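Student: I have a new structure open and would like some help finding my way around. Could we go through it together?

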Amino acid sequence: MHIESKQPHIGTTIFTVMSKLAADHGALNLSQGFPNFDGSPKLIELVSYYLQKGMNQYAPLSGVQALREIIAQKTADIYGVNYHPDSEITVVSGATEALYAAITAIVHQGDEVILLEPNYDSYEPAIRLNGGVPVYVTLVPENNYQIDWQIVKSKVTEKTKLIMLNTPHNPTGTVLKQQDLTALAEIVKDTNIFIISDEVYEHIIFDGKEHWSPIRNTILQERTFVCGSFGKTFHVTGWKVGYCLAPKALTEEFRKVHQWLTFSTVTPIQYALADFLKEPDNYLSIPAFYQQKRDKFISCISNARFSFTPAQGSFFQCVNYSAITDENDLALAQRLTKEIGVASIPVSVFYHQKNDFKILRFCFAKDDQTLEKAGERLSKL
């Protein structure tokens, strides 16, 4: 039978491609964004406890009450912003689900969605599947991917429904500043434009910088869906547990979609996370932990012929390799995986026109031995 694809131009994600290539060639996998070390033994013990206690049936659609309450408390404590745990917080099966549900809730046929590229690869397919039209603002490495808000403003039309944000940013490792929120608020005030903010690396931010979520600006907060992830924060990406914060009216529409995607998320893990989050140091210690990883990786590649600006946040360090070769980034990423045994992600895949700025993205959420081995191999280029 003939199947007319809804996504004829979409193939296997680059993360799957590069991870398979790494496995096939026995390479160090610094491509896909997952740690090669486990989460806290205490957190794992808590999951086991709730498994044995029998918390193994469906959780409520909105998530376990105790988890929603501690998310609300954490958000208020850190950012001074209050969300009602019953009507404004939803636990989901990973941030990718949250992103898809939020896009689906508000994007209608013909609506325009502004994407700041390079951007995570799930955004555009979700927009197109819902009949939306991506509108691109291209960020470049020459000015460290800073956003020109005048260009963003110039892209706004009467059809603009949504602007997608991501901070700390994947793949570039940059973070938004307070002045970015002020500039964005000036653009969207007195409009019906929504914001979806991908904040899965919320606690992975370095050098004393603050996390400037749009919820910290009152104009933006009333129109923003925040999509978060416990998997990134607690080194347990395989659990696929995330959440969405949004004002009540937005949450109502979000949950109408969520109920038909997954309905609920794995129950014993929710109870375990609720207990684990009661100790703030379990997440407040994360920035220092990953800054040590970033600094370790930078030190390990100090003799390589890369140029780079240290990542401000996220799992990732981007490097420019133009002093080494003129190869396009995809070809080089594949060759390095096969020949020296280090897998990375070519940043061109995050641009809709596959812009090649000679940049590779390496994940440093790895144990020190892996980072040292990778640095040794890369320094021979």
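Tutor: We will go through the sheet, a helix, the cores and a few backbone details, bearing in mind that this is a predicted model.

Student: Okay, in what order do the seven strands of the open sheet come?

Tutor: The order is β2-β8-β7-β6-β5-β3-β4, and the pairing in this open sheet of seven strands is mixed. The edge strands are β2, at 89–92, and β4, at 133–138, each of which pairs on one side only. From one strand to the next, the twist averages 20 degrees.

Student: And how do β3 and β5 run, parallel or antiparallel?

Tutor: They run parallel, with three bridges joining β3, residues 112–117, to β5, residues 160–166. If you look at Glu112, you will find it opposite Thr160 in β5.

Student: Which strands does helix α4 lie across?

Tutor: Helix α4, made of residues 95–106, lies across β2, β5, β6, β7 and β8, and its direction is at about 165 degrees to that of β7.

Student: Switching to the inside: which residues have the most contacts in the largest nonpolar core?

Tutor: Those are Val152 and Ile163, in a core of 62 residues. Helix α7, residues 178–188, gives the most to this core, with five residues.

Student: What does Ile163 touch, leaving aside its neighbours within four places in sequence?

Tutor: Ile163 is then in contact with Ile114, Val152, Leu184, Val188, Ile193, Phe194, Ile195 and Ile196. Apart from this core lies another, of 30 residues, which includes Leu67, Ile70, Ala72 and Phe276.

Student: Now the backbone. Where is the cis peptide bond that has an omega of about 15 degrees?

Tutor: That cis bond joins Glu117 and Pro118, and Pro118 sits in the loop between β3 and α5. The bond from Thr167 to Pro168 is cis too, with omega near -15 degrees, and Pro168 belongs to the loop between β5 and α7.

Student: Why are those worth pointing out?

Tutor: They are worth a look because most peptide bonds are trans, and in a similar way most residues other than glycine have a negative phi.

Student: So what is the phi of Asp207?

Tutor: Asp207 has a positive phi of about 55 degrees, although it is not a glycine. The residue is in the loop between β6 and α8, and it is partly exposed, with a relative accessible area of 43%.

Student: And where is Lys240?

Tutor: Lys240 is in the loop between α9 and β8. Its phi is positive, at about 50 degrees, although this residue is not a glycine either, and at 40% relative accessibility Lys240 counts as partly exposed.

How values were computed
Residues numbered from 1 in each chain as written. Predicted model: local features only at pLDDT ≥ 70, side-chain atom pairs only at ≥ 80, totals over all residues. Heavy atoms only, no water. Pairing = 2+ DSSP bridges. Helix = DSSP H or I, 4+ residues; strand = E, 2+ residues; numbered from the N terminus. Axes fitted to C-alpha atoms, helices over the stretch in contact; angles between N-to-C directions. Contact = heavy atoms within 4.5 Å. Core = buried A, V, L, I, M, F, W, Y, C linked by side-chain atoms within 4.5 Å. Buried < 20%, exposed > 50% of the residue type's maximum accessible area, 1.4 Å probe, protein only.
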